[in-house]
Amino acid sequence: MNEVSDNELIERMRRGDTGALGILYMRYAPSVSNFAYRFIQVREDVEDITHNIFCTIWENRETLTDIESLKAYLFQMTKNAIFKVFRHQQVVSEYETDVKSEGDSQFSDGERIVTTTDLLEMIDLMVSRMPEPQREAFRLSRYEHKSYAEIAEILGVSPKTVQYYISKALGELRKLTEAMLVFTTIDSFNYL
C-alpha cells in the first residue's frame with residue numbers, strides 16, 4: 001500500500017478531514033518533539049510545543065497553500081516555538097532579577113508590584129475555576145508530572161482529549177499572565 005503524500009493530506013485537511021491531521025501528527029510529532037527536546041528538555045513544555053504546532057496547522061489549514069516541504073514548514077514552526085520559550089524564560093529571569101534588586105521595601109503597600117506569589121495565587125484561583133476534567137488533567141500534568149497517556153488512563157479519556165484539556169488550560173493561564181504583565185509593566189514604568 002502506498003503512503004499518502006503530505007500534500008494530499010494537507011489538501012484533505014483543507015476539506016476538514018481530521019483523520020488527515022491525525023496521520024500527519026503520527027508521522028511528524030515524534031520528530032517535532034525530539035527536535036524541541038534537544039533545546040527545551042522539559043517534557044511538559046515539549047508536549048505543549050508539539051501539540052500547539054499541530055493545533056496551529058489545523059486552525060490555519062485553509063491557508064496552507066504552496067508548501068513545498070511540510071518538513072521544512074514544521075522545522076520553522078518548531079524553531080520559532082523554541083525561540084518563544086527562550087524569550088519567555090529570559091523575560092521571566094530579567095523580571096525576577098529586577099524584583100530582587102529593587103525589593104518590595106521601596107514601595108508602599110498600595111504601590112507594590114505584582115510578585116511571584118501574586119501570580120501563583122491568581123493561577124491557583126484560575127485553576128480552581130476550571131471545569132473538573134480540565135482542572136484534573138492540568139493538575140496531573142503540571143503538579144504530578146504525569147504524561148498525557150497516564151492522565152488519559154486515570155481520567156478514562158483519550159490522550160487527544162487530555163491534550164485538548166491541557167491546551168485549553170494553558171491558553172487561559174497565558175491570558176492571565178499576559179494581563180498581569182500589563183500591570184507589572186505599568187507599575188515598573190511608574191517607579192523609574
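## An exposed loop residue to start with

At 53% relative accessibility, Gln-41 counts as exposed. This residue lies in the loop that joins H2 to H3, and its phi is near 60°, which is a positive value in a residue other than glycine. Please keep in mind as you look around that this is a predicted model.

A second residue of this kind can be found further along the chain. His-145 is not a glycine either, yet its phi is positive, near 55°. His-145 belongs to the loop between H6 and H7.

## The overall build

What does the secondary structure of the protein come to? There are eight helices and zero strands, so the pattern read along the sequence is α-α-α-α-α-α-α-α.

The protein has 192 residues, and 34% of them count as buried. Consider next the contacts in the protein with a separation of 6 or more: residues 24 or more positions apart account for 58% of these.

## Helix H3 and its buried residues

Helix H3 covers residues 43–59. Its 17 residues reach 24 Å from the first C-alpha to the last, close to the 24 Å expected at 1.5 Å a residue.

Which residues of H3 are buried? They are Glu-44, Val-46, Glu-47, Asp-48, Ile-49, Thr-50, His-51, Ile-53, Phe-54, Ile-57 and Trp-58. Thr-50 makes a good stopping point in this helix. Its relative accessible area is 1%, and with the cut-off for buried set at under 20%, Thr-50 is therefore counted as buried. If you leave aside the neighbours within four places in sequence, Thr-50 is in contact with Tyr-25, Ala-29, Val-32 and Ser-33.

## How H2 and H3 pack

Two packed helices are described by the angle between their axes and the distance between the axes. For H2 and H3, the angle is about 145° and the axes are 9 Å apart. The crossing of H2 past H3 is right-handed.

From H2, the contact is made by Thr-18, Leu-21, Leu-24, Tyr-25, Tyr-28, Ala-29, Val-32, Ser-33, Ala-36 and Tyr-37. H3 brings Arg-43, Val-46, Ile-49, Thr-50, Ile-53, Phe-54 and Trp-58 to the contact. Tyr-25, Ala-29, Val-32 and Ser-33, the partners of Thr-50, appear here among the H2 residues.

## How H6 and H7 pack

The next pair to visit is helix H6 (residues 132–142) with helix H7 (residues 148–155), which pack at an angle of about 140° with their axes 10 Å apart. Is H6 oblique or roughly antiparallel to H7? Angles over 145 degrees count as roughly antiparallel, so an angle of about 140° makes H6 oblique to H7. H6 passes H7 in a right-handed crossing.

On the H6 side, the residues that take part are Pro-133, Glu-136, Ala-137, Leu-140 and Ser-141. They meet Tyr-148, Ile-151, Ile-154 and Leu-155 in H7.

## Salt bridges

Side chains of opposite charge can pair when their charged atoms come close. How many salt bridges does the structure hold? The count is eleven. One of them joins Asp-6 to Arg-27, with the closest N and O atoms 2.6 Å apart. This pair links distant parts of the chain, since Asp-6 sits in helix H1 (residues 6–14) and Arg-27 in helix H2 (residues 18–39), 21 residues apart. Asp-6 counts as buried at 16% relative accessibility, whereas Arg-27 is partly exposed, with a relative accessible area of 22%. Asp-6 and Arg-27 also join Glu-3 in a network of salt bridges.

Another salt bridge brings us back to H3, where the side chains of Arg-43 and Glu-47 meet at 3.4 Å, N to O. Arg-43 and Glu-47 are separated by about one helical turn because they are four residues apart in H3. Arg-43 is partly exposed at 31% relative accessibility, while Glu-47 is buried, with a relative accessible area of 17%. Arg-43 is also one of the H3 residues in the contact with H2.

Arg-139 and Glu-144 form a salt bridge too, and their closest N and O atoms are 2.3 Å apart. Here Arg-139 counts as partly exposed at 28% relative accessibility, and Glu-144 counts as partly exposed at 36%.

Key. Residues are numbered from 1 along each chain as its sequence is written. This is a predicted model: local features need pLDDT of at least 70, side-chain atom pairs count only at pLDDT 80 or more; totals for chains, interfaces and linings use all residues. Side-chain values use heavy atoms; hydrogens and water are left out. A salt bridge is a side-chain nitrogen of Lys or Arg within 4 Å of a carboxyl oxygen of Asp or Glu. Helices (H or I, at least four residues) and strands (E, at least two) are DSSP runs, numbered from the N terminus. Buried means under 20% relative accessible area, exposed over 50%, partly exposed in between (1.4 Å probe, protein chains only). The expected span of a helix is 1.5 Å times one less than its number of residues. Axes are lines fitted to C-alpha atoms, for helices over the stretch in contact, and angles run from 0 to 180 degrees between N-to-C directions. Angles under 35 degrees count as roughly parallel, over 145 as roughly antiparallel, 65 to 115 as roughly perpendicular and the rest as oblique. A crossing is left-handed if the near helix is turned anticlockwise from the far one by less than a right angle, and right-handed if clockwise. Contact means heavy atoms within 4.5 Å.
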